Amino acid sequence: MLKLRNSFVTVLAALMITSLVLSGCGTNGTGGNSSGGNSAAPTTGSKGNAGNTGNAKPQDTGASSGKQAGGTIRVAMATEPDNLDPYLSAATDTGSMMDNVFDGLFEAGENSELVPALAESYQVSEDGLAYTFKLRQGVKFHNGSGLTSKDVDYSYAKLAGLNGKEPLSSKFAAVEKIETPDDYTVVIKLKEKDAAFLAANIIAIVPKDYEEQSVKPIGAGPFKFASYTPGQQLVLEKNDDFYDKDKAPTIDRVEFKIMPDPNSAVLALKSGDIDMVPGISSQGALQLGDGFDIVSGPQNMVQLMALNNTVKPLNDVKVRQAINYAVDKDVIIQTVAEGNGVKLGSNMSPAMKMYYQEGLEKRYEHNVEEAKKLLKEAGYENGFKLTITVPSNYPFHVDTAQVIAEQLKAVGIQATIKQIEWSSWLEDVYTNAKYEATIIGLTGKLDPQEVLGRYETKYAKNFFKFSNSEFDALIGQARQEIDVNKRAELYKQAQTLLTDQAAAVYIMDPSRSVAMKNTLKGFKMYPVQKYDFAAMYYEGK
Amino acid sequence: MKWKQLVRNKPFVIGASLIGLLLMLMVMSLFYTPYGPNEMNTAMRLAHPQPSHWWGTDNFGRDIFSRIVEGTQTAFLIGVSSVAIGLFFGLFIGAIAGYRGGWTDEVLMRLMDAKLAFPGILLAIMLVSVFGPGLGNTIVALGLMSIPAFARIARSGFIQYKEFNFVKAAVARGAGATRIIVHHILPNIASPIIVAASLRFSGSILAEAGLSYLGLGVQPPDPSWGRMLSEAQPFIVNAPWYVLITGSVITVMVLGFNLLGDGIRDVYDNKS
């Protein structure tokens, strides 16, 4: 009998391990876990979203029973802040929290436009090399000091490396010098024309000679940094002296609760311990009953299967096109994203309204016969073997790989899936392009140059190994083009070219869903991961 | 053999029936599964258990029963081969250490101790991350992981038995070390080793499930219980049968092997 009991103890242990397995390791999830300013961040674990797809419109302000002053918003965040200093942080999640503390000359608008923030107005010289910004007057940092052109000079010098130290942002590489003719005017001279420069000005402006940003961040944004307890929470408090009275915050306090496990975040929302879960999974959304709002919209991410354009047989455009025909994107959106994704045809999300070329998603409608025909023309009638490398910490991409492998089977391509660790993915695939095919989500940027520039032949991390002189010419031209509409046109042509060349299989932009209490109003969706708490408020009783 | 005692031993009978059942399923899966294990039917996603899909379907519309049954192959393959690797090297090292004694024993066993100092699963994770994921590497990693346990058991057996008169008689007769180890001592220490092997078996299967759960074991889309468990996790609330069924099957297998091992120990090894 003792033996039997022993054995049950073992089994009990087995059960406990099983349950550990179930509850643990749930950290790969929600929330954009980005890596480095210029790198690819895969889709988060969110498997799409339920309900209200495409409802990216802000809720009406004021129309209902009215704003309630004050209150606290408790938000579940999946990842720990990597660095509180806005210039040293690379994680998207951290950026979206601290964006409320810092303001830049501009801020990102809902339609990927630039909205003046600290800058009142700006002017670009005829030759496109000098940008003159007029600053708002009477802006105060959270430590009480007034914001002047000296602070902008200090901030940008730091970013561009003009202070003799390592430059902190590659976006400011084109800056040659910064002049401050008076306290509220900044003139920035560029070495060469760079149409993407304007969008870089959403970056935080920090007070001059203040070096404690990593410990106690000080900015000029609508919220002040209050405290950060690692593993628990980051707290922001209302900035009563915010310069823009129209956009001044209503909410007193924002508490970001660190919750790596998406399931517990959903449970906490249900039980009322938190008020908002950004990046909720569709399965999580299904669990929420009445009393919650879910807002979904394209998150400006391009999920794609990158094909290494230099390895055989993927160097043949016909083979790449055949793969494009063989993959049924609708099925992927249905199964992996629960229907909450927008089908793509090129490397641009419709969230980038100004630059998005419509209709490309129809270029390769699912067609097995056409795929087989193209493979035959390319001399691969009997198919070939293909290895799809996926980062193991993103179930979203692993799932996509499983569907694609099954679909490729139908045209005779034997795909095997190889999961690798995220750090090896960055090293082998992203940096060294040692792979055949890989599935990843490229996070959106505000400027199309950063999105499409990765296909340029000379781009260091062009892991597609795509090289096309026509494309390079278009992108080069677009970089120099100051006229916004002409520039957009060039980027649209570039997208069409990518589709025709089948540089990759462009799958979808998985929607981002944000769940919150239905008394919480004023949430807006942006083409970048941004949570504007200053615009949010609780509805009055 | 003590078959009569075994048959009367309850844990053994229960364990053997559970394992027998799983073995039958495995044999069946070699020839037949209701659906292709990787076949996706997107019209039938996350269907609950019903006549056409006994155990329901997963998030890709794949038949869970077919995948579980197909997964028995992986589970048994990993169990058998990793235990075989561990047993072979473990016995080898244990036999030499125990039989030779002296500094050979010290060196070999301290090496084993050093290896035991690392948690097994951690070591396996390390090996798999270095040599890459996949079935083969997982088997090797789990096999290496189980060497020290077998080595210790073998060593203690050898130390005990080498002093026995029949061994001394064999030495006096001029038998070589190999002959003594294989023919005279090994048969005598077989029962504790069989017990250890059957327990190790479930340990390996559980470890594989753990590795696959972390994405390091068997690669998708081929079914592995551990990975199925991890794939089921997001649907725990909306499709609870998926995770329950997968978890139960793993539990049944582990329970089966543990009972089997306990039963054998009860009958053969009545010292403890």
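Start in chain A of this predicted model and select Gly412(A), which sits in the loop between helix 10 (395-409) and strand 17 (414-420) of chain A. Colour by accessibility if the viewer allows it: Gly412(A) has a relative accessible area of 23%, so the residue counts as partly exposed. Now show what surrounds the residue. Leaving out residues up to four places away in sequence, Gly412(A) touches Asn382(A), Gly383(A) and Phe384(A).

From Gly412(A), draw a distance to Glu120(A). The C-alpha atoms of the two residues are 60 Å apart in space, and 292 residues separate them in sequence.

Next, select residues 119-124 of chain A, which make up strand 5. Strand 5 belongs to an open sheet of four strands in chain A, with the order 5-6-8-7 and antiparallel pairing. Which strands are at the edges of this sheet? Strand 5 and strand 7 (175-182) of chain A are, each pairing on one side only. On average, neighbouring strands of the sheet are turned by 20° against each other, direction ignored.

Stay with strand 5 and add strand 6 of chain A. Five bridges pair the two strands in the antiparallel sense. To see one of the pairs, select Gln123(A) and its bridge partner in strand 6, Thr132(A). The two strands form a hairpin with five residues between them, and Gly128(A) in the turn has a positive phi of about 75°.

Continue across the sheet by selecting residues 130-135 (strand 6) and residues 185-190 (strand 8) of chain A: these strands run antiparallel and are joined by five bridges. Here Phe133(A) stands opposite Val186(A) of strand 8. Thr132(A), already selected as the partner of Gln123(A), stands opposite Val187(A) of strand 8.

Now add residues 149-160 of chain A, helix 3, which packs on the sheet and touches strand 6, strand 7 and strand 8 of chain A. The direction of helix 3 makes about 170° with that of strand 7.

There is another open sheet to visit in chain A, with three strands in the order 1-21-20 and antiparallel pairing. Select 67-68 and 520-521 of chain A for the edge strands, strand 1 and strand 20, each of which pairs on one side only. Strand 1 pairs with strand 21 (residues 537-539) of chain A over two bridges, in the antiparallel sense. Lys67(A) has Glu539(A) in strand 21 as its bridge partner.

Move to chain B and select Arg67(B), in helix 3 (residues 64-100) of that chain. Is Arg67(B) buried or exposed? Its relative accessibility is 0%, so Arg67(B) counts as buried. The side chain of Arg67(B) reaches the backbone oxygen of Pro37(B) at 2.9 Å. Beyond neighbours within four places in sequence, the contacts of Arg67(B) include Asn38(B), Asp58(B), Arg62(B), Asp222(B), Arg227(B) and Glu231(B).

Arg227(B) leads to the last stop. Select helix 10 (residues 190-213) and helix 11 (residues 225-232) of chain B, whose axes come within 6 Å and cross at roughly 45°. The two helices are therefore oblique to each other, and their crossing is right-handed. To show the contact, select Ala209(B), Ser212(B) and Tyr213(B) on helix 10, then Gly226(B), Arg227(B), Leu229(B) and Ser230(B) on helix 11.

Terms used. Residues numbered from 1 in each chain as written. Chains lettered and ligands numbered in written order. Predicted model: local features only at pLDDT ≥ 70, side-chain atom pairs only at ≥ 80, totals over all residues. Heavy atoms only, no water. Pairing = 2+ DSSP bridges. Axes fitted to C-alpha atoms, helices over the stretch in contact; angles between N-to-C directions. Contact = heavy atoms within 4.5 Å. Buried < 20%, exposed > 50% of the residue type's maximum accessible area, 1.4 Å probe, protein only. Polar contact = N/O pair within 3.5 Å; in protein donor to acceptor, adjacent residues only side chain to side chain. Parallel < 35°, antiparallel > 145°, perpendicular 65-115°, else oblique. Left-handed = near helix turned anticlockwise from the far one by under 90°.
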